[in-house]
Amino acid sequence: MKIHAIQTGSVRIKTAQVEGRGHGLMRRISVFTDRHWTNWLPTYAWAIEHREGVILVDTGQGTHLLETGRSLHPYVRWEVRFRIEPEQEVGPQLRALGIAQHDVKCVVLTHLHMDHDGGLAHFPQSKIFVTRGEFDTARGWAGRLRGYLPNRWPAWFDPIPLDLGESFGPFSASKRLTAAGDVVAVATPGHTAHHISVLVQSGNTTFFLAGDTSYNEELMLAGCVDGVSANEQISRATLNAIKQTATKFPTVYLPTHDAGSAARLARSVPSV
Ligand SMILES: [Zn+2]
């Protein structure tokens, strides 16, 4: 089994989004009032080359995100900036790795924010899994008002609901993604209410494909909630559950936008 970190361009957001300031509504308003931008952060998608087939976790950014400055949505228009070239989209990068479109058995989306679903158009033939709650939150006009871009989904996009079942360690719900049981989706609510992460178990190491549970490893270890999570308590419980896992088992924590993720994956560096 091999995991590839595929960087699909980069993104800048406000520093108050990465590390929430204050509490309650103020924490979420701070994203809009903050004048400080982060450096350019990577946006990773992950390809798991598994003997049962390739599993892609998230699809990263698409070049359509270069037009967000014209959006009518205040967050999309003012609070986020993207860089991406056509050949940096996930489809061309998989081909360069020797992975053809039909080799991708399934695509699993941690959530449907625009920098995670931006490469969907490359996978018309794959099974695509999204939690039911996330899909319901992101679809239609209500989704657009929440800052999702369902209008950019391919016309054929009709994901298979990923219904989570029994708990998995400290996580309240989970679903096996392979018959072998070594790739498992777990509920990691917080950044969005129905956010999931994907755990890949290889030898005695767990590779934790974290999506946006936090923007980097230090913030997870510090239990620091971001500026966009709706419920601070739920977010903090998820960060605690991840830290608890990392304390018990060697865990390589791989958030989507952590500049250190690719190096930690390459060298299997555990969090604790
Ligand atoms: Zn997100």
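Trainee: Is R139 buried, exposed or something in between?
Mentor: R139 is partly exposed, since its relative accessible area is 42%. Keep in mind that we're looking at a predicted model.

Trainee: Okay, and which residue does R139 pair up with?
Mentor: R139 makes a salt bridge with D136, and their closest N and O atoms sit 3.4 Å apart. D136 is also partly exposed, with a relative accessible area of 42%.

Trainee: Which residues get joined into one network by salt bridges?
Mentor: That would be R27, E232 and R236, linked through salt bridges that share partners.

Trainee: Let's zoom in on that. How far apart are the closest N and O atoms of E232 and R27?
Mentor: They're 3.4 Å apart, and the two residues form a salt bridge.

Trainee: Where do E232 and R27 lie in the chain?
Mentor: E232 is in helix 8, which covers residues 232–248, while R27 is in helix 2, residues 24–33. The two are 205 residues apart in sequence, so the pair ties together parts that lie that far apart along the chain.

Trainee: And are E232 and R27 buried or exposed?
Mentor: Both of them are buried.

Trainee: How many salt bridges does the count come to?
Mentor: The count comes to 10. Another one of them is between the side chains of E52 and K105, at 4.0 Å from N to O.

Trainee: Where do E52 and K105 sit?
Mentor: E52 is in the loop between strand 2 (41–50) and strand 3 (53–57), and K105 is in strand 5, residues 104–108. They're 53 residues apart, and the pair links distant parts of the chain.

Trainee: Why does E52 count as partly exposed?
Mentor: Because its relative accessibility is 29%, and the partly exposed class runs between the 20% and 50% cut-offs. K105 is partly exposed as well, with a relative accessible area of 30%.

Trainee: What else does K105 touch?
Mentor: K127, for one: its contacts, leaving out residues up to four places away in sequence, are K105, C106, V107 and I160. K127 itself is in strand 6, residues 127–130.

Trainee: How far is K127 from I160?
Mentor: In sequence, 33 residues; in space, 7.1 Å from C-alpha to C-alpha.

Trainee: New topic: where is H73?
Mentor: H73 lies in the loop between strand 3 and helix 3 (74–78). With 18% relative accessibility, H73 counts as buried.

Trainee: What does H73 touch?
Mentor: Apart from residues up to four places away in sequence, H73 touches R144, L145, R146 and G147. As for F168, the C-alpha atoms of H73 and F168 are 37 Å apart, with the two positions 95 residues apart in sequence.

Trainee: Let's step back. How many helices and strands are there?
Mentor: The protein chain has 9 helices and 12 strands. Its radius of gyration is 17 Å, close to the 19 Å that the globule rule gives for 272 residues, so the chain is as compact as a globular protein of that length.

Trainee: What box do the C-alpha atoms fill?
Mentor: Roughly 45 × 40 × 30 Å, taken along the principal axes.

Trainee: How much of the chain is buried?
Mentor: Buried residues make up 56% of the 272 residues. The accessible surface comes to about 12100 Å², and 52% of that belongs to carbon and sulfur atoms.

Trainee: Last one: how far apart are the mean positions of the positive and negative charges?
Mentor: They're 3 Å apart, for 27 positive and 25 negative charges.

Conventions: Residues numbered from 1 in each chain as written. Predicted model: local features only at pLDDT ≥ 70, side-chain atom pairs only at ≥ 80, totals over all residues. Heavy atoms only, no water. Helix = DSSP H or I, 4+ residues; strand = E, 2+ residues; numbered from the N terminus. Rg over C-alpha atoms; globule rule 2.2 N^0.38 Å. Buried < 20%, exposed > 50% of the residue type's maximum accessible area, 1.4 Å probe, protein only. Areas by Shrake-Rupley, 256 points an atom, 1.4 Å probe, with all protein chains shown as cover. Lys, Arg positive; Asp, Glu negative; His and termini not counted. Charge placed at Lys NZ, Arg CZ, Asp CG, Glu CD. Contact = heavy atoms within 4.5 Å.
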